[in-house]
Amino acid sequence: MSKIKNLPIENPKYTVDYSNGNMQGKSVIELTKRLKDLPEIFENKQAFDQMDTEKIVYHVQAIFPVEEGREGGLFYGKTIIEPGKVGNEYFMTKGHFHKNANRAEFYWGILGEGVLLLMNEKRECWAEKIFPGSLHYIGGTIAHRTINTGNTPLSFGACWPSDAGHNYQEIINNGFSARLKELDGNPLLESE
Ligand code: S6P
Ligand code: ZN
């Protein structure tokens with residue numbers, strides 16, 4: 001007698017719309033950052049103070065299948081940065097180092113155009129263009145910030161280890177050593 005059983009083939013826990021990166025599924029976390037949440041990152045404080053601080057700068061969706069900080073898992077996310085500027089500096093994310101300094105990350109461009117700003121522990125900066133289909137490997141010790149240089153939303157995906165953690169304080173205290181500004185309609189990376 002055969003002991004073969006038929007097992008169910010289930011639907012996936014999550015789905016992704018690859019036209020914009022939007023994720024759906026149980027326990028997809030949503031986070032919104034407005035100008036009022038980002039008082040430290042823009043250089044022109046006068047321009048910042050004149051803006052509506054409720055204005056949305058970016059939204060994040062993320063899936064944490066395991067508890068944050070646990071070794072061995074992966075997290076998956078998508079960020080949409082709205083188009084906009086504070087003075088002549090483009091809207092951008094806070095940026096961070098990973099707390100666990102040997103945990104790397106992948107980013108990939110989905111919609112819009114932007115720049116990935118990278119900085120090593122010696123505070124040396126460099127940058128890569130983000131566009132639909134671009135793929136970016138971010139080494140574990142490299143701080144990363146994304147910037148929308150276009151007139152439409154910039155959407156990008158991310159995948160990182162569940163025990164990477166985030167060190168935002170170093171960037172809040174000392175910033176990146178380069179800033180991306182618009183000059184005569186084009187992005188210009190100004191270094192310290
Ligand atoms: C997490 C990953 C992204 C960012 C997101 C927002 O390691 O790099 O999901 O969290 O793009 O940026 P930030 O700097 O505010 O976390
Ligand atoms: Zn990261």
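Alanine 178 has serine 191 as its bridge partner in β15, and this pair is a good place to start walking through the predicted model. The two strands involved are β14, residues 178-183, and β15, residues 186-191, and they pair in the antiparallel sense over six bridges. Another pair to look for is leucine 180, whose bridge partner in β15 is leucine 189. Follow the chain from β14 into β15 and you will find a hairpin, with two residues between the strands. One feature of the turn is worth a click: aspartate 184 has a positive phi of about 50°.

Now turn to the sheets. As background, strands of a sheet pair through backbone hydrogen bonds, either parallel or antiparallel. One open sheet here is built from six strands in the order β3-β4-β5-β13-β8-β11, and its pairing is antiparallel. At its edges stand β3 (28-34) and β11 (135-138), each of which pairs on one side only. From one strand to the next, the twist averages 20°. To see how the β11 edge is attached, look at β8: four bridges join β8 to β11, and the two run antiparallel. Within that pairing, glutamate 105 stands opposite isoleucine 138 in β11. Keep glutamate 105 in mind, as this residue comes up again with the ligand.

A second open sheet has three strands, in the order β10-β9-β12, again with antiparallel pairing. Here β10 (125-130) and β12 (143-148) each have a single partner strand, so one side of each is left without a neighbour in the sheet. The twist in this sheet averages 20° from one strand to the next. Strand β9, residues 114-119, is joined to β12 by six bridges, and these two strands run antiparallel. You can pick out valine 115 opposite isoleucine 147 of β12 as one example.

With the strands in place, where does ligand 1 sit? The space that ligand 1 takes is the largest pocket. Strands that give two or more residues to the shell around ligand 1 are β4 (56-63), β8 (105-111) and β13 (154-161), and each of these three belongs to the six-stranded sheet. In total, 15 residues surround the ligand, and the closest are Tyr58, Thr79, Glu105, Tyr107 and Tyr168.

Which side chains make polar contacts with ligand 1? Tyrosine 58 is one of them: an N or O atom of its side chain is 2.6 Å from an oxygen atom of ligand 1. The side chain of tyrosine 107 likewise has an N or O atom 2.6 Å from an oxygen atom of the ligand. For histidine 96, the distance between a side-chain N or O atom and a ligand oxygen is 2.9 Å. As for how much of the ligand is covered, the protein takes up 96% of the 400 Å² of accessible area that ligand 1 has on its own.

Notes:
Residues are numbered from 1 along each chain as its sequence is written. Chains are lettered from A and ligands numbered from 1 in the order in which they are written. This is a predicted model: local features need pLDDT of at least 70, side-chain atom pairs count only at pLDDT 80 or more; totals for chains, interfaces and linings use all residues. Side-chain values use heavy atoms; hydrogens and water are left out. Two strands pair if DSSP finds at least two bridges between them. Axes are lines fitted to C-alpha atoms, for helices over the stretch in contact, and angles run from 0 to 180 degrees between N-to-C directions. A residue is near a molecule or strand if one of its heavy atoms lies within 4 Å of it. A polar contact is a pair of N or O atoms within 3.5 Å; within protein, one must be able to donate a hydrogen and the other to accept it, and residues adjacent in sequence count only if both atoms are side-chain atoms. Accessible areas come from the Shrake-Rupley method with a 1.4 Å probe; for residues, only the protein chains shown count as cover. On a 1 Å grid over the protein atoms alone, a cavity is a set of points where a 1.4 Å probe fits but cannot get out, and a pocket is an open set with protein on both sides within 12 Å along at least five of seven lines; lining residues have an atom within 4 Å of a point. A molecule sits in a cavity or pocket if more than half of its atoms lie within 2 Å of its grid points.
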